[in-house]
Amino acid sequence: MGPRSHHLSLGLLLLLSLLPECLGAEGRLAHKLFRDLFANYTSALRPVADTDQALNVTLEVTLSQIIDMDERNQVLTLYLWIRQEWTDAYLRWDPDAYGGLDAIRIPSSLVWRPDIVLYNKADAQPPASASTNVVLRHDGAVRWDAPAITRSSCRVDVSAFPFDAQRCGLTFGSWTHGGHQLDVRPRGTAASLADFVENVEWHVLGMPARRRVLTYGCCSEPYPDVTFTLLLRRRAAAYVCNLLLPCVLISLLAPLAFHLPADSGEKVSLGVTVLLALTVFQLLLAESMPPAESVPLIGKYYMATMTMVTFSTALTILIMNLHYCGPSARPVPAWARALLLGRLARGLCVRERGEPCGQSRPPESPPSPQPSDEGVHPPAVPCHEPRCLCHQEALLHHVATIANTFHSHRAAQRRHEDWKRLARVMDRFFLGIFFSMALVMSLLVLVQAL
């Protein structure tokens with residue numbers, strides 16, 4: 001080992017021996033500063049040199065996470081980082097007197113802290129004291145950063161659910177100090193969202209801050225407070241898929257009961273099944289919504305759809321009564337034959353098998369009365385042939401009876417076919433009306449999602 005290497009080794013050993021002394025000196029200075037500051041300090045009194053002077057407290061809030069939004073109980077749970085800054089007139093020192101030490105970190109329970117609380121707190125538990133430290137600077141500036149889980153009351157308006165937006169305010173202020181003793185002000189115009197964790201249900205639009213000065217009935221002095229208003233918009237994708245789309249599909253399925261053949265026997269069953277399905281979905285919706293005066297948008301849609309299905313089922317029963325009138329029914333009235341079986345049937349393209357669309361069967365005139373046995377008279381000129389039919393009065397009577405029965409049966413069949421045709425026209429007419437209503441209502445609700 002050469003002389004140069006020997007000198008480097010000696011210098012390194014000397015530096016290592018002096019390092020603990022330097023660190024120890026800084027620690028001793030911090031202990032000395034702490035003893036000097038808190039020798040005659042009390043955290044029970046407001047730290048101002050002049051008692052008539054108001055202490056300014058700057059409040060800054062950082063939104064970290066939306067834990068829960070309980071719409072039914074109208075309670076919002078947030079995870080916040082709250083920073084409070086003020087100046088303590090009794091905690092100042094000269095940095096040069098303590099080796100350039102300009103800031104120390106001490107437990108927050110040792111210094112005076114402002115009694116700023118959340119006014120609209122919705123938690124029954126007493127507030128837990130934060131165990132974080134405060135940063136104390138040489139000029140007396142105190143900065144206290146503390147995390148907090150807040151449960152605040154929030155008036156939830158679900159009139160536009162699931163496409164609603166909410167405004168939830170968090171009001172912070174001193175509980176015992178009035179404005180002449182403690183003045184609280186926000187830092188900036190809004191809360192910070194830099195460290196916000198995105199929520200799967202809510203989209204945060206902003207969190208503006210506003211300072212107010214109010215006078216309460218209990219006290220004559222004003223009380224300043226800071227309100228942070230959280231602006232939220234609901235992410236409606238999950239509700240559209242789970243609640244809205246099934247209702248839309250069911251509502252479009254309900255008018256198809258008019259398209260089912262009456263002989264299938266399932267027309268009324270389909271309407272009742274659709275009504276039960278909508279009732280189940282409405283019960284699921286009612287469990288998650290708060291009991292409010294304003295009915296949610298999706299609730300209005302459910303009620304309108306259920307009303308439509310109820311009316312369609314009732315009309316289906318009436319149309320089935322027309323279909324099953326039977327041969328003994330009276331003929332279709334003349335106005336119904338001209339208006340429904342004529343114009344409306346051609347407009348709705350209700351035709352018989354093999355009949356072209358746009359043309360309807362011409363209304364048949366009622367059958368003329370057939371001659372009975374009283375109308376059968378022997379010829380005026382006597383017939384001398386023994387085998388002539390004019391001598392078979394009994395046979396002629398039976399033939400006339402059979403002819404009359406056949407014509408009566410044909411007339412009854414025509415009346416029955418007319419009522420069945422009228423039922424098909426009414427089915428086609430109400431199919432178009434109710435399907436259009438269901439489509440328009442569904443589009444009006446789905447447009448809100450765009």
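## Questions and answers on a predicted chain

Of the 450 residues in this chain, 35% count as buried. The model is a predicted one, so let's begin with how confident the predictor is.

Q: What is the mean pLDDT of the chain?
A: Confidence varies along this predicted model, and 78% of the residues reach a pLDDT of 70 or more. Over residues 3–23, pLDDT stays under 50, and the model has two contacts there beyond four places in sequence. Residues 365–377 also stay under 50, with 10 such contacts. Across the chain, the mean pLDDT is 80.

Q: How many helices and strands does the chain have?
A: Contacts in this chain often link distant stretches of sequence: of those with a separation of 6 or more, 78% are between residues 24 or more positions apart. The accessible surface comes to about 26700 Å², and 60% of it belongs to carbon and sulfur atoms. As for secondary structure, the count is six helices and 11 strands.

Q: Which helix gives the largest share of the largest nonpolar core?
A: The largest nonpolar core has 90 residues, and those with the most contacts inside it are Ile 66, Phe 172, Phe 228 and Leu 230. The largest share of this core is 11 residues, and they come from helix H6 (residues 393–446).

Q: Which of the residues with the most contacts inside the core does Phe 228 touch?
A: Leaving out residues up to four places away in sequence, Phe 228 touches a list that includes Leu 59, Val 61, Cys 168, Met 207 and Pro 208. The residues with the most contacts inside the core are Ile 66, Phe 172, Phe 228 and Leu 230. Among these names, the contact list of Phe 228 holds Phe 172.

Q: Is Asn 199 buried or exposed?
A: Asn 199 sits in the loop between strand S8 (182–186) and strand S9 (202–206). Its relative accessible area is 14%. Buried means under 20%, so Asn 199 is buried.

Q: Which residues does Asn 199 touch, not counting those up to four places away in sequence?
A: Within its own stretch of chain, a polar atom of the Asn 199 side chain lies 2.8 Å from the backbone nitrogen of Glu 201. Farther along the sequence, Asn 199 and Ile 67 are 132 residues apart, yet their C-alpha atoms are 8.4 Å apart in space. The residues that Asn 199 touches beyond four places are Ile 66 and Arg 235.

Q: Which side chain makes a polar contact of 2.9 Å with that of Glu 71?
A: Glu 71 is found in the loop between strand S1 (55–70) and strand S2 (75–87). With a relative accessible area of 8%, Glu 71 is buried. The 2.9 Å polar contact joins its side chain to that of Arg 234.

Q: What is the phi of Gln 74 near?
A: Gln 74 lies in the loop between S1 and S2. At 29% relative accessible area, Gln 74 is partly exposed. Its phi is positive in a residue other than glycine, near 55 degrees.

Q: Which residue does a cis peptide bond join to Pro 162?
A: Pro 162 has its place in the loop between strand S6 (141–153) and strand S7 (165–174). The cis bond has an omega of about 5 degrees, and the residue joined to Pro 162 is Phe 161.

Q: What percentage of residues 270–289 is helix?
A: An unreviewed UniProt entry lists residues 236–258, 270–289, 301–320 and 429–449 under "transmembrane region". In the model, residues 236–258 are 74% helix and 0% strand, with end C-alpha atoms 33 Å apart. For residues 270–289, the end C-alpha atoms lie 29 Å apart, strand is 0% and helix is 95%.

Q: How far apart are the C-alpha atoms of Met 308 and Leu 275?
A: Met 308 lies in helix H4 (residues 297–323) and counts as buried at 4% relative accessibility. Beyond four places in sequence, Met 308 touches Ser 251, Phe 434, Met 437, Ala 438 and Met 441. Met 308 and Leu 275 are 33 residues apart along the chain, and their C-alpha atoms are separated by 9.6 Å.

Methods: Residues are numbered from 1 along each chain as its sequence is written. Side-chain values use heavy atoms; hydrogens and water are left out. Helices (H or I, at least four residues) and strands (E, at least two) are DSSP runs, numbered from the N terminus. Buried means under 20% relative accessible area, exposed over 50%, partly exposed in between (1.4 Å probe, protein chains only). A polar contact is a pair of N or O atoms within 3.5 Å; within protein, one must be able to donate a hydrogen and the other to accept it, and residues adjacent in sequence count only if both atoms are side-chain atoms. Contact means heavy atoms within 4.5 Å. UniProt positions are given in the numbering used here, feature names are shortened, and annotations may be inferred rather than shown by experiment. pLDDT is the predictor's confidence in each residue, from 0 to 100. A nonpolar core is a set of buried Ala, Val, Leu, Ile, Met, Phe, Trp, Tyr and Cys residues joined through side-chain atoms within 4.5 Å. Accessible areas come from the Shrake-Rupley method with a 1.4 Å probe; for residues, only the protein chains shown count as cover.
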